[in-house]
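Please open the model in your viewer and keep the sequence panel beside it. The tour below moves from one selection to the next and says what is to be found at each stop.

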Amino acid sequence: MKIVDTTGMKCPAPLIATKKAIREADENELVRIILDNRTSFENVSRFLKDTGAAFSSQVSDGSWTIETGRAGAEHNREYAIPSEAAIPHFKKGDFIIAFTSDTMGQGDEELGKLLIENFIKAVKDLDTLPRKMVFYNRGVFLGSTGSPVVDHLRELEMMGVVMLLCATCVNHYSLGEKIKVGTLSNMFEIAGEMESASKVIRP
Amino acid sequence: MKTDLLQLAENGGCSSKISPVLLQEILKKLPLSADPNILVDIDSHDDAGVYKINDELALVLTTDFFPPVCSDPYEFGQIAAANSISDVYAMGGTPVVALNIMMFPSSRLSMDDYYQILKGGSDKASEAGISIIGGHTIDDFTPKYGLAVTGFVHPQRIVTNKGALAGDSVILTKPLGTGVILAGHRLNLASAPDLAGALGSMKLLNRTGADIMRKFDIRGATDITGYGLAGHALKMARASEVTISLKMSSVPLIGDTYRIADEGCIPGASFRNLGFVENDSAFADGLDYNLKMIAMDAQTSGGLLMSVPGNIQEEVLRQLHSAGLTSAAIIGSVLPKGDRYLVVVN
C-alpha cells in the first residue's frame, strides 16, 4: 500500500501527490490519501469520480482519508484526443454520407453547387446526424477555404460529426493549407467506414 | 533583498474571486435599478455596467482588484491594470480614466514596493492611453491592487454577452493556462519560459483585439477571467439564449499548460468553476479530463472571447494574427439553443 500524507499541503499539491502515487502504484496496490481540509478532500474526490476511479472515503474530525487504486481510472491513460466525440444531445444514426463532388447531381454546374449547399444545410436539421462524412475526389473542395459550405460543415463537426477527407485528393488539388474541416485520411480507412455502416448516402 | 510578493498571497489573481455559485445567489437578493439610462447591469452578468448620458455617449464602468500573481511588484501593477482595463474593451468601449484601488501591508513591504506597484499600473494605463486621476489605499494584509476604470461607448455599439447568434464562430484572442501555470510555478512544476509566457499574456492589453472587434462591428464578446473559458462562455450562451460548443483541441494553450495540468496541477478555482457550469453543460463522451479542467481554469487578464459571423471569421482571424495576436483561434461555434447552454468536446 502507498500512503500519501498531504497534511499541510495547499491546493493543488494534494491532487498532484495523489495523481503521482496512483501512477506509480502497482496494478492492484491500494493508495491511501490523508487530507487535512475539506476543500482538498472535495477536489481530490471529484477528480477520482470524474476520471472513473473506484474509491472510498472516511471522515473523522479534522481528517479525511481516501482509498483508491489504479483500476479502471481514465487518468492512467496516455493522452490522446479520441477521434470521435459523441455529444449527448445530438443523436447520431448508423449511416455515412460520401461526398464525391462539390456539386450535386448532373446538369448545370451552378445549380449543382446550390443543391449541395442546400443538402448540407438540411443535414444539420435531420433528426439523426450521420456517424461520419467522407470526402473524396472533388468532394474535398467542400471543406476548403472559399467553399460556401465550409461553415456549415464546421458546425456539423461541432455537433460531433467526424469528417474524413481523402489525403490523396487534397494533395492532387493542392488544397493542403486550405482545408478547414475534418482530418485527412486514406482509402483504407474510408473503405472500412463505408463497409461497416449500415447505409451510405451519396448525394 | 528582492521582494517576492508571492510569499504574501495564497491565491493569486482572478483565482481569488468568490465562488460564482454563491455570488449568483446573493445578487438575486439585491434589487435592480429601474433607471432607463442603465443600459447594462449585473442582470446579464456582463463585464461592466453601462450608463447612457445621451444618444451619442454612454459610460462604461468597471472595477477589479486582486492579490499578487507574480513576485515582482512592478509586473504585478502592470498585470492588475491590464486586467482591470480589459472589461472596458470587452464591452466595445474606449477606456478614458481610472482610479487606483490598493490594499498594502506597510509593515511587511517597503515604500519602494508601493511605488513599483503603482508605477506598473500607471505605465500600463499610459499604454492604454488613459490617465489615473486618483485612488484609495488601505493598510491591510495581504496586498491587493487594481483599478476602477471608466470608458466611453456609443450606446448603439455596446458589445455584450447577449450578442452571440447561432451560426457564429467563437474566437479566443489569447491562449489559456495562466491559472495552471501560476499554481505550477508555486510548486516548481512550471519552467521559466512557461512562466514568462503566462506573465507576458497577462500583461498584454486587450486593446488590439478590441480594435479589430470594433472594426468588424462584432456585438457579442466577453473577456476570460476568473470563471474560466467555460464559465464565461456559459454566461454568454445564457444571455444570448444559444448553445455554445467549445472544441478544446483547438484552444491555444500557454507553453506546457497541458503537461502541468496532467501532473494534477488543477487549481481549486477550477473545481469551483466546474460546479458553476456543470448543470448547464454537456461534456462529450471521451472528453479528455485535462482539457475539460483547462476549460475551467481561472484566467487572470485573459483574452477576448468573440462571437463572430461565419462570413467574416477568416478575415477577423487574419487581422488578429497580423496585429500580433498570433495565438488567436476559432475554438468553437454558436448553435441554436439545445438541451444545454454549453457543449464541450475534445
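In which helix of chain A is the place of A:Val44? Select A:Val44 in this predicted model, and you will find that its place is in helix H2 of chain A. With a relative accessibility of 1%, A:Val44 counts as buried, since the cut-off for that word is under 20%. Now show what surrounds A:Val44: apart from neighbours within four places in sequence, the residues in contact with A:Val44 are A:Pro14, A:Leu15, A:Thr18, A:Leu35 and A:Ile66. For a sense of scale, draw a distance from A:Val44 to A:Cys166, which lies 122 residues away along the chain; their C-alpha atoms are separated by 44 Å.

Stay in helix H2 of chain A and select A:Arg46 and A:Asp50, whose side chains meet in a salt bridge with an N to O distance of 3.1 Å. The two residues are four apart in that helix, about one turn. An α-helix has 3.6 residues a turn, so residues three or four places apart point the same way. Both A:Asp50 and A:Arg46 are buried.

Next, select helix H1 of chain A, which has 12 residues and reaches 17 Å from its first C-alpha to its last, close to the 16 Å expected at 1.5 Å a residue. Nine of those 12 residues are buried, so the helix is largely enclosed by the rest of the structure; among the buried ones are A:Ala13, A:Pro14, A:Leu15 and A:Thr18. Just before this helix, in the loop between strand E1 (2-5) and H1 (13-24) of chain A, sits A:Pro12, and the peptide bond that leads to A:Pro12 from A:Cys11 is cis, with omega near 0°.

Which residue of chain B meets the side chain of A:Lys19 in a salt bridge? Select B:Asp262, and the closest approach is 3.4 Å, N to O. A:Lys19 lies in helix H1 of chain A and B:Asp262 in helix H8 of chain B, so this pair joins two chains. A:Lys19 itself is buried, at a relative accessible area of 2%.

From there, widen the selection to the whole contact between the chains, which takes 30 residues from chain A and 45 residues from chain B. About 3,000 Å² is buried between chain A and chain B, and carbon and sulfur atoms give 63% of that area. Five salt bridges are counted between the two chains, and another pair to display is A:Arg154 with B:Glu314, at 3.5 Å, N to O. On the side of chain A that touches chain B, H1, helix H2 (38-50) and helix H4 (150-158) of chain A each supply at least two residues, and H1(A) gives the most, with five.

Move to chain B and select B:Lys28 and B:Glu25, which form a salt bridge with their closest N and O atoms 3.2 Å apart. Both lie in helix H1 (residues 20-29) of chain B, three residues apart, about one turn. B:Lys28 is exposed, with a relative accessible area of 60%, whereas B:Glu25 is partly exposed, at 41%. Elsewhere, salt bridges that share partners join A:Arg46, A:Asp50, B:Glu278 and B:Lys292 into one network.

Now select helix H5 (residues 192-203) of chain B, whose end C-alpha atoms are 16 Å apart, in agreement with the span expected for 12 residues. Its buried residues, including B:Leu195, B:Ala198 and B:Leu199, pack against helices H2 (73-90), H3 (111-127), H4 (178-186) and H8 (257-262) of chain B.

Some backbone details of chain B deserve a stop of their own. Most residues other than glycine have a negative phi, and most peptide bonds are trans. B:Asn188, in the loop between H4 and H5 of chain B, has a phi near 60° and counts as exposed at 72% relative accessibility. A cis peptide bond joins B:Phe141 and B:Thr142, and B:Thr142 lies in the loop between strand E5 (131-139) and strand E6 (144-153) of chain B.

Finally, color chain A by confidence: its mean pLDDT is 85, and 90% of its residues reach 70 or more. Over residues 76-88 of chain A the pLDDT is below 50, and this stretch has 33 contacts in the model beyond near neighbours in sequence. Where pLDDT is low, the predicted coordinates should not be read in detail.

Notes
Residues numbered from 1 in each chain as written. Chains lettered and ligands numbered in written order. Predicted model: local features only at pLDDT ≥ 70, side-chain atom pairs only at ≥ 80, totals over all residues. Heavy atoms only, no water. Expected span 1.5 Å × (residues − 1). Buried < 20%, exposed > 50% of the residue type's maximum accessible area, 1.4 Å probe, protein only. Contact = heavy atoms within 4.5 Å. pLDDT = per-residue confidence, 0-100. Buried area = accessible area lost by both parts, 1.4 Å probe. Salt bridge = Lys/Arg side-chain N within 4 Å of Asp/Glu carboxyl O.
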